[in-house]
Amino acid sequence: MDTVSKEKSIPKYINPYFGGVLLGLLLLVTFYITGRGLGASGAVKSAVVSTVEKIAPVHAEESTYYSKFISTDHSPMFNWLVFESIGVFIGGLLSGVLFGRVKKLRVEHSPKITSKTRIIAAGLGGILFGFGSQLGRGCSSGAALSGTAAFSFGGLLVMVVLFGSGYVFAYFFRKLWI
Amino acid sequence: MDLINTTIMGPLIPLGQIASGWDFVIALLIGIAFGFILEASGFSSSRNITGVFYGYNFVVLRVFLTAVVVAMIGLLYFNYMGWIDLNLIYVVPTYINSMVIGSVLMGLGFILGGFCPGTSYTGIAIGKIDAMVFTGGLFLGIFLFSELFPALESFYYGDSLGSATIEDVFGISNEKFSFIFVIIAIIVFYVTWLIEKRVRKTVNPYKFE
Amino acid sequence: MNRNYILLMIVIVVLAGGLLFLPQKANYIQQDPEKLMWDIAQPTRYITTDEVAKMIIEKDPLYQLVDVRADYDYDMFSLPGAYNIPLDSLLTEQSDIILDVEDINTILYSDDDLKADQAWVITRRMGYKNIYVMKGGLNCWIRTIIQPKEPKETAPITEFELYKFRQGASIYFTGTEISLDAGEKKTLNVTRRKKETVAEGGC
């Protein structure tokens with residue numbers, strides 16, 4: 001019984017080095033066309049800004065942070081990163097369909113913890129990451145990946161500290177994963 | 001002495017070479033390619049991603065470092081051939097205090113959540129609830145930051161080095177840095193290959209989803 | 001380890017290493033041809049012989065003169081303190097040292113405008129800044145500074161003032177005595193029509 005299900009569930013992934021080459025070429029093309037690299041957290045930021053603007057427009061305009069991203073001609077969602085992130089979703093969907101990974105809604109977790117634990121951890125992780133990404137001027141795709149490829153010191157800094165601190169914290173939270 | 005004959009000089013959009021309606025179409029297409037590559041490499045699974053911290057799956061390092069190396073070398077060759085003007089490429093500005101703390105928080109969030117924003121979008125696409133929760137958390141986290149911004153403002157802008165490039169800070173030319181980076185990447189790949197062989201023997205091969 | 005991986009690694013290392021050994025090429029600022037045409041049409045690159053004379057006499061520190069004629073012409077006669085960069089040597093490293101100075105105005109000249117204009121277009125494409133052309137070249141220099149022509153009596157006062165200046169300049173540069181006017185300027189009470197043209201002092 002166990003061996004059958006094991007064979008069924010070995011998913012097909014592309015060779016990571018190949019994936020890296022593809023990603024690097026994509027990054028290069030993105031630089032060539034747009035002058036900026038890839039990014040991801042920016043789209044969520046735009047979502048936050050437009051939500052706040054809809055719900056509490058006065059507060060948004062008064063705030064020093066939101067007002068920077070609000071413009072009168074168009075919604076803050078009308079920006080490059082938002083469209084790119086929508087594309088990321090679609091691309092993920094395409095690949096998932098191609099490789100047969102789009103299945104029923106599920107929570108992925110180590111067998112040593114419960115789904116509930118995983119959900120709570122994911123939520124907390126997201127909050128921390130979101131907060132940190134603003135301080136860090138980008139996330140792993142925007143600052144670390146694209147920043148370092150463009151020879152920015154800030155990008156390199158984020159990359160080193162992000163992964164470095166990840167390794168430090170990994171020890172304390174190993175129950176979550178292994 | 002010959003002046004390099006340029007074909008089309010990049011970066012295209014900042015130099016006005018593309019009609020304005022196309023920006024967002026291009027963004028979408030680039031995003032689709034990005035998402036596809038991420039998901040196909042296995043980044044839609046949080047357990048794959050965190051494997052890099054525990055030694056059982058190094059896909060993150062492999063994809064990440066390879067991508068940076070390819071992009072760096074590509075940029076330098078493009079720049080040499082006159083196809084792109086490296087000076088016009090966006091450099092992530094440096095704010096030491098803010099970025100260091102931010103990166104530490106992101107590292108913790110990475111370990112807890114097992115995702116980063118880009119990969120969480122692909123996770124949502126294949127139906128992972130934990131990815132959806134993570135993205136929701138991102139929303140809250142950014143919201144929290146925006147609300148607290150007035151209190152954090154001076155910290156946010158502190159210790160700025162402006163648009164410092166690696167050359168500015170370390171004095172190494174871009175070419176030398178990319179070469180050093182390649183060597184480091186190769187060493188990392190070799191070491192992680194060894195580690196993975198040993199760890200996989202002791203850790204039960206886990207079921208992916 | 002798979003043979004393909006080793007091959008890939010070698011390829012990447014060679015590519016990265018190749019970058020280290022690429023010849024260092026100067027970053028030529030590419031000029032858009034249309035912009036260049038526009039710049040060529042602008043008269044602002046011209047500087048008059050009088051202005052050049054003034055700079056030399058006043059020992060203005062912010063200028064340098066460059067004679068773009070052949071070296072034997074330069075040896076025969078040239079302006080005081082001028083460098084010699086013949087047209088065909090404009091793109092050498094020694095010329096780059098002279099031409100690539102920030103904040104200094106470089107004034108090119110030749111016998112007339114021809115060579116100097118050509119040199120100007122080339123230096124403009126190379127991206128050097130603050131390059132000018134002395135209008136009329138050395139021929140005009142001789143006609144205005146060394147052997148200035150006395151203005152007609154009906155000429156405006158500004159022309160007489162300019163003539164005075166040129167006479168003084170002539171003495172400065174040639175060191176010879178030139179008989180000065182007795183200094184009588186007849187002030188005619190004539191209502192002058194306002195002329196739009198400024199006395200340019202060109203040839």
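**Figure 1. Helix H2 of chain B, a helix of buried residues.** A residue is called buried when its relative accessible area is under 20%. With that cut-off in mind, take a look at H2(B) in this predicted model: its buried residues are B:Ser46, B:Arg47, B:Asn48, B:Ile49, B:Thr50, B:Gly51, B:Val52, B:Phe53 and B:Tyr54. That is 9 of the 9 residues of the helix, which spans residues 46-54, so H2(B) is largely enclosed by the rest of the structure. Just after the helix you will find B:Gly55, with a positive phi near 90 degrees.

**Figure 2. The largest nonpolar core of the model.** This core has 96 residues. If you would like some landmarks, A:Leu23, A:Phe129, B:Phe53, B:Phe110 and B:Phe181 are the members with the most contacts inside the core. Helix H3 of chain B, residues 59-81, gives the core its largest share, 14 residues. Chain A contributes as well: domain 1 (1-103) and domain 2 (107-178) each supply at least three residues. As background, nonpolar side chains in soluble globular proteins tend to be buried together.

**Figure 3. The surroundings of B:Phe181.** Leaving aside residues up to four places away in sequence, B:Phe181 touches A:Thr148 and A:Met159 from chain A. From chain B, the residues it touches are B:Leu65, B:Val68, B:Val69 and B:Met72.

**Figure 4. A second, separate core.** This core has 18 residues. Among them are C:Ile47, C:Val52, C:Leu65 and C:Met134, which you can use to find your way around the view.

**Figure 5. Chain A, with 8 helices and 0 strands.** Following the sequence, you will read the pattern α-α-α-α-α-α-α-α. Of the 178 residues in chain A, 56% are buried. Among contacts in this chain with a separation of 6 or more, 51% are between residues 24 or more positions apart. Chain A exposes about 8,100 Å², and carbon and sulfur atoms supply 71% of that area.

**Figure 6. Where chain A meets chain B.** Here 123 residues of chain A and 128 residues of chain B take part in the contact. Together the two chains bury about 11,400 Å², with 76% of this area on carbon and sulfur atoms. Charged side chains have a place here too: there are 3 salt bridges between chain A and chain B. For a close look at a salt bridge, find the side chains of A:Arg118 and B:Asp130, which meet at 3.0 Å, N to O.

Methods:
Residues numbered from 1 in each chain as written. Chains lettered and ligands numbered in written order. Predicted model: local features only at pLDDT ≥ 70, side-chain atom pairs only at ≥ 80, totals over all residues. Heavy atoms only, no water. Core = buried A, V, L, I, M, F, W, Y, C linked by side-chain atoms within 4.5 Å. Buried < 20%, exposed > 50% of the residue type's maximum accessible area, 1.4 Å probe, protein only. Helix = DSSP H or I, 4+ residues; strand = E, 2+ residues; numbered from the N terminus. Domains from an automatic or database assignment. Contact = heavy atoms within 4.5 Å. Areas by Shrake-Rupley, 256 points an atom, 1.4 Å probe, with all protein chains shown as cover. Buried area = accessible area lost by both parts, 1.4 Å probe. Salt bridge = Lys/Arg side-chain N within 4 Å of Asp/Glu carboxyl O.
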